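Reader: Hey, got a minute to walk me through this one? I'd like to start with the overall picture and then get into the details.

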Amino acid sequence: MASNEEILAGLAEIVNSETGLDEADVQLDKSFTEDLDIDSISMMTIVVEAEEKFDVKIPDEEVKNLKTVGDAVSFIAGAQA
Amino acid sequence: MARKVVITGLGATTPIGGDVPTLWENALKGVSGAATLEDDWVKEYDLPVTFAARASVQPAEVLSRPETKRMDPSTQFAVIASREAWADSGLNKEEIDHNKLAVAFATGIGGVWTLLNAWDTLREKGPRRVLPMTVPMLMPNGPAAAVSLDLGAAGGAHTPVSACASGTEAMHVGLELIRSGKADVVMVGGAEAAIHPMPMAAFASMHALSRRNDDPAKASRPYDTDRDGFVMGEGAGALVLESEEHALARGARIYAELAGSSVTSDAHHITAPDPDGSGATRALKAAMYDGRIQPEDVVHVNAHATSTPVGDAPEYTALKNALGDQLDNVWVSATKSQMGHLLGASGAVESVLCALAVYHRTTPVTINLDNQDPAIPLKVVTGEPQALPAEGSIVALNNSFGFGGHNAVVAIRSV
């Protein structure tokens, strides 16, 4: 099971490969849309890749609740349990 | 009087050069871009053809990671070539009328890597793992769309698809867009990335590919009596077409005039060329008529010449029909001998070479022509480049023919 720090680092790597954003800019308080300027197609790509990386399921209806990077880390941490 | 159209920027990424200066240097020198494929899939599927001509600079070396992830390799090649052509033209995105900037970027096969990778993912991991960018990556208009986005070209983005004639047909589309006044500047080109086991198997199945697995560098040999098929290549070519008045107003460097073009169809057979070369003859004559070109104006031809046993001869017949006795004075280059066959990109890359040939008044060379087929008595450039007439107006023709009976010809004139 990945720790919250490991989940954040893993998400930062996925965001970087998808958008080119610096991994250091992917912080818990950042909004995917407002701060990181991630569109819906990229968001779904990040979700699918996170599911694979962390071996979890993120239901489509849950994605709209993942407003910040922290929301995603918390959800993935909980889903691993 | 129709508007005159000129070529003001060139770009290319090919098996014999990742940019135009390297491509041109090697095209004059005579090198082969073909090599044995090291990919695991060659052995995994026991492919009957084990070599190809890969782009000498792979896109990951020049594009950012998100770009390579979000674009099919064919689109990656298109964007690389288009960026080079744009920079070469000296055009400024801030100053141009974006509504008069269009794109005509061709492909023969489209996003085949994306399509087949997604199919593999679906079968191995299920639908959830098929990424949402799959459709925009596999669509054949992907290269044209990406180039349009990259340049901010709002005057329309077209995707001519006519197999191996596609790249030359894009030139034709670009010429018409400017002549009609719909555009002042058009980024035209072609891109292909089909060195994938499925197309390799499929082209091998129809015996279109050379099987000279023991000597890839000698495999592409247009007009040679021992030719046995083409060599699969990959890459892209791009040209900035511009109305002459637009180019002159900004003091642009002009390589050549795109004087005429034509597209015809054989309506003869889905893959075999018309043995009389009548469709190709009509295309040649129409392109010359379109550019007000007489046979004696023509001094150079970049031939389609793929190195297949049945394809090379009808092109000679067509050239003879169109140029008559002048053909004896025409230097013919078969540059697929060097870089293999870039399918939908080939016409664009070869148009880049024609523009440079009339600009520098010298020709690329043909390699591997050891015993010229007596049925094809063309004056082929072998060994050293041949100087073209130093004075006066000269014309180079670029022929491209595609499965489906597509014939496309462009005529490029010195300025």
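Author: Sure. Keep in mind that this is a predicted model. Chain B has 14 helices and twelve strands.

Reader: And what's the radius of gyration of chain B next to the globule rule?

Author: Chain B comes out at 20 Å, close to the 22 Å the rule gives for 415 residues, so it is as compact as a globular protein of that length. Along the principal axes, its C-alpha atoms fill a box of roughly 65 × 55 × 40 Å.

Reader: What percentage of chain B is buried?

Author: Buried residues account for 58% of the 415.

Reader: OK, switching to the sheet. What's the strand order in chain B?

Author: E5-E4-E6-E7-E1-E8-E12-E11-E9-E10, an open sheet of ten strands with mixed pairing.

Reader: Which strands are at the edges?

Author: E5 (157–158) and E10 (331–333) of chain B; each has a single partner strand, so one side of each is left without a neighbour in the sheet.

Reader: How do E9 and E11 of chain B run, parallel or antiparallel?

Author: Parallel, with four bridges joining E9 (298–302) to E11 (395–402) in chain B. In E11(B), B:Ala396 is the bridge partner of B:His300.

Reader: Now the contact between the chains. How many residues does each bring?

Author: Nine from chain A and nine from chain B. On the chain A side, helices H1 (4–19) and H2 (40–54) each supply at least two residues, and H2(A) gives the largest share, five residues.

Reader: What classes are they on that side?

Author: Three nonpolar, four polar and two charged residues make up the side of chain A that touches chain B.

Conventions:
Residues numbered from 1 in each chain as written. Chains lettered and ligands numbered in written order. Predicted model: local features only at pLDDT ≥ 70, side-chain atom pairs only at ≥ 80, totals over all residues. Contact = placed C-beta atoms within 7 Å. Nonpolar A, V, L, I, M, F, W, Y, C, P; charged D, E, K, R; others polar. Pairing = 2+ DSSP bridges. Rg over C-alpha atoms; globule rule 2.2 N^0.38 Å. Buried ≥ 20, exposed ≤ 12 C-beta atoms within 10 Å, placed from the backbone.
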